Amino acid sequence: MATVAAVIASTHHPFYYRASTATGADRPPFADEWVAKIETFRETLTKARPDILVMVGSDHFHQLWLDNMPQFLVGKAPYFDANWYNEEREFGLPRMRLAGDEQLASHILRNGLDAGFDLAFSNELRIDHSITCPIITLRPEADLPIVPIYTNIFAPPLPRPGRFVELGRTIRQLVESWPIDKRVAIIGTGHLSLELGGPRQFGEHGPDPEFDRKAVDWIASGDIDGCLSEVTLDSLHLPGNATHGFMDFMLMMGVAGAGAKADHVDSLDLFHTMEAYFTWYPNGAPA
Amino acid sequence: MSKYLLNKFLYTVDRDPELVERYREDPVDTVTWWEQEKANEILNCAVAEKSTWLAFTDDERKALREQDHVALFGLGAHPFLTLTLFIAMFERDHDPLEYQKAYGRVLRQHYALPYPEIAT
């Protein structure tokens with residue numbers, strides 16, 4: 001049976017690649033601290049010795065569009081090309097190609113449907129920065145096969161927060177029921193408070209530092225009930241107009257499990273958002 | 001309201017480098033051409049298969065022609081789409097982050113919570 005070697009949740013700041021590779025006058029003052037935190041975070045995955053990465057993210061109107069918008073979609077393809085012209089344009093992200101694991105994707109699709117999730121699937125999915133950013137930060141060798149899972153946190157109507165938690169629990173069960181002896185890391189990225197294209201964007205900090213502090217505490221302590229008691233589709237408008245991406249963090253809380261304290265917790269207060277990084281080892285910390 | 005079409009314009013222009021430049025340089029002509037030729041093309045379908053009913057309202061057409069991000073926000077255009085396209089067109093004329101901060105500052109003069117509904 002497959003082993004969940006690590007559960008990892010993080011933000012996916014598209015400027016990390018540019019900031020971490022910049023030199024001289026182009027290198028922002030926060031880059032060194034950011035890189036140091038990421039390298040420590042990366043080690044938490046490396047130590048887990050994963051064979052495959054299940055990666056939860058969200059398409060940013062790149063391939064998925066309002067004419068045919070899935071709520072949850074599994075990529076089932078032998079390869080995934082990555083990053084798009086407008087991400088190259090704005091963030092300097094490189095073009096990439098990652099191998100897929102069709103066998104695990106098929107298992108998740110079949111059994112996810114049977115578990116009550118009407119999962120969409122794609123045989124030709126070009127992935128974007130929600131999935132390539134954690135590759136860049138956590139596995140820059142990009143040498144492991146992936147199963148991408150996209151959630152809709154972007155185009156209302158959205159599934160409610162509880163549904164994300166339930167899907168996370170189900171993904172954990174699906175991976176653990178895969179009858180193949182592989183070490184699987186489940187990685188998901190979302191947002192804390194965030195505003196894009198609105199009045200509160202690009203401030204000195206994230207738009208709602210108080211929400212960010214609470215969110216980090218919920219995630220770090222596995223307080224799913226506390227989180228669900230305060231977070232609704234309506235309430236997520238208050239910390240920033242892009243904060244519905246927090247539901248992908250909630251999905252990862254479902255993967256980690258109620259009451260599961262994260263083994264690694266870190267954050268970085270950047271100029272318009274708080275970055276946050278969490279790792280759990282469900283089967284004990286690797287030696 | 002044809003919020004879907006408003007977003008479809010922003011989406012199809014943002015993903016096409018030539019259209020980004022065309023919209024930057026000649027917004028009135030680009031919006032007119034796009035509404036006549038492209039608005040009813042069903043994405044990912046053969047070009048011959050078209051819709052027959054999509055058109056902007058006068059307010060939407062005006063906001064797009066004037067590249068008025070405040071008006072587009074008020075009309076419920078998806079803010080991520082408007083921002084990313086407008087950064088592509090105008091960030092080059094400013095210092096780093098200057099355009100994005102000014103964009104938010106102008107919106108603050110017109111909007112507070114609750115923001116206009118973006119559901120299509």
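In the predicted model, the second largest cavity holds about 80 Å³ of space. Its lining consists of A:Ser58, A:Asp59, A:Leu64, A:Met69, A:Pro70, A:Gln71, A:Tyr150, A:Thr151, A:Asn152, A:Ile153 and A:Phe154. Sorted by class, these lining residues comprise 6 nonpolar, 4 polar and 1 charged.

A search of the whole structure returned 3 cavities of 30 Å³ or more. The largest of them contains about 100 Å³ of space and is lined by 16 residues. Nearest the centre of this cavity are A:Thr11, A:His13, A:Tyr16, A:Cys133 and A:Thr137. In chain A, two or more lining residues each come from strand S1 (3–11), helix H1 (16–21), helix H2 (31–46), helix H5 (129–138) and strand S10 (274–280). The greatest contribution is that of H5(A), with 4 residues. The lining of the largest cavity is made up of 10 nonpolar, 5 polar and 1 charged residues.

The nonpolar residues were also examined as cores. The largest nonpolar core has 97 residues, and A:Val54, A:Phe246 and A:Phe278 have the most contacts inside it. With neighbours within four places in sequence set aside, the contacts of A:Val54 are A:Leu104, A:Ile108, A:Val147, A:Ile149, A:Ile171, A:Val175, A:Val184, A:Ala185, A:Ile186 and A:Ile187. A second core, separate from this one, has 37 residues, including A:Tyr16, A:Ile146, A:Tyr150 and A:Leu268. Two members of this second core also appear in the cavity linings: A:Tyr16 in that of the largest cavity and A:Tyr150 in that of the second largest.

How values were computed. Residues numbered from 1 in each chain as written. Chains lettered and ligands numbered in written order. Predicted model: local features only at pLDDT ≥ 70, side-chain atom pairs only at ≥ 80, totals over all residues. Heavy atoms only, no water. 1 Å grid on protein atoms, 1.4 Å probe; cavity = no way out; pocket = protein on both sides within 12 Å on 5 of 7 lines; lining within 4 Å. Points joined across faces, edges and corners; volume = space filled by probe spheres on them. Nonpolar A, V, L, I, M, F, W, Y, C, P; charged D, E, K, R; others polar. Core = buried A, V, L, I, M, F, W, Y, C linked by side-chain atoms within 4.5 Å. Buried < 20%, exposed > 50% of the residue type's maximum accessible area, 1.4 Å probe, protein only. Contact = heavy atoms within 4.5 Å.
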